[in-house]
Amino acid sequence: MHSTTSEPPAPDAAPVPLRATTEQALKIAVVGGFGAGKTTMVSSVSEIRPLNTEETMTRAGDGVDDLGGVEAKRSTTVAFDFGRITLDETSVLYIFGAPGQERFWFLWDRLFSGALGAVVLVDTRRLADCFYAIDRLEAQGTPFVVAHNDFGETSHDLDEVRSALDLDPGVPLIRCDARDRGSAKQVLIALVRHVRSLVMEGSR
């Protein structure tokens, strides 16, 4: 995955076409609370210009969307984000970022359907926002990893985060910076490795 993933195009670069040799498409969902960095992560890792459904937040959302901890946020995803990474000559990874607000949670089960696994992105300023995502993934039996998106404003270590989430010891928990492509890519690599280990355990 390290050597075959193309770098993302410059804003004005030509689109990266899907290879004619592609035979397998894998799907990953990126979920988490409102303002956790899901759109940023999809944009960081995608080799194509990402599709997003960001809309400017208006007064209509007052009293509906809780901005505690993310008061500077001015736009929000209202459907999903979409990006793509080429893994090798025959396989591509499609990445879907889900909206974080409770009013859009009904979309999540559809995004989970057929997914290889999921990334739960955590903002420790709003830790409780990710509980529903973890509960839904566990209920559906979808493999997932948890990524602590480090905004540089907290000093929580991973053991504290794991304890606060009451996370199963078998679920990988890693720190990342969703703005940095290399860091975000490591999250996806961790998920693929986790899924592979679960498959290997199940085949024994």
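1. Which residues have the most contacts inside the largest nonpolar core? In this predicted model, they are Val31, Val120, Ile134, Phe144, Val146, Leu165 and Leu167, and the core has 24 residues. Strands and helices both supply it: β1 (24–32), α2 (108–112), β6 (117–122), α3 (131–140), β7 (144–149) and α4 (158–165) each give two or more residues. Apart from this core lies another, of 22 residues, among them Ile85, Leu93, Val187 and Leu191.

2. Val146 may serve as an example from the largest core. Leaving aside residues up to four places away in sequence, Val146 touches Val120, Val122, Ile134, Leu165, Leu167, Val171, Pro172, Leu173 and Ile174.

3. Helix α1 (residues 38–45) is mostly covered, with six of its eight residues buried. The buried residues of α1 are Lys38, Thr39, Met41, Val42, Ser44 and Val45.

4. Thr86 belongs to strand β4 (residues 81–86). Thr86 has a relative accessible area of 5%, and because buried means under 20%, this residue is classed as buried. Its side chain makes a polar contact with the side chain of Glu47, at 2.6 Å.

5. Empty space inside the model also deserves attention. The count comes to two cavities of 30 Å³ or more, and the largest cavity has a volume of about 40 Å³. Its lining consists of Gly33, Phe34, Ala36, Leu121, Val122, Asp123, Arg126, Asp129 and Cys130. By class, five of these lining residues are nonpolar, one is polar and three are charged. Val122, named in this lining, is also among the residues that Val146 touches.

Terms used. Residues are numbered from 1 along each chain as its sequence is written. This is a predicted model: local features need pLDDT of at least 70, side-chain atom pairs count only at pLDDT 80 or more; totals for chains, interfaces and linings use all residues. Side-chain values use heavy atoms; hydrogens and water are left out. On a 1 Å grid over the protein atoms alone, a cavity is a set of points where a 1.4 Å probe fits but cannot get out, and a pocket is an open set with protein on both sides within 12 Å along at least five of seven lines; lining residues have an atom within 4 Å of a point. Grid points are joined across faces, edges and corners, and a volume is the space filled by probe spheres set on the points. Ala, Val, Leu, Ile, Met, Phe, Trp, Tyr, Cys and Pro count as nonpolar, Asp, Glu, Lys and Arg as charged, and the others, Gly among them, as polar. Buried means under 20% relative accessible area, exposed over 50%, partly exposed in between (1.4 Å probe, protein chains only). Helices (H or I, at least four residues) and strands (E, at least two) are DSSP runs, numbered from the N terminus. A polar contact is a pair of N or O atoms within 3.5 Å; within protein, one must be able to donate a hydrogen and the other to accept it, and residues adjacent in sequence count only if both atoms are side-chain atoms. A nonpolar core is a set of buried Ala, Val, Leu, Ile, Met, Phe, Trp, Tyr and Cys residues joined through side-chain atoms within 4.5 Å. Contact means heavy atoms within 4.5 Å.
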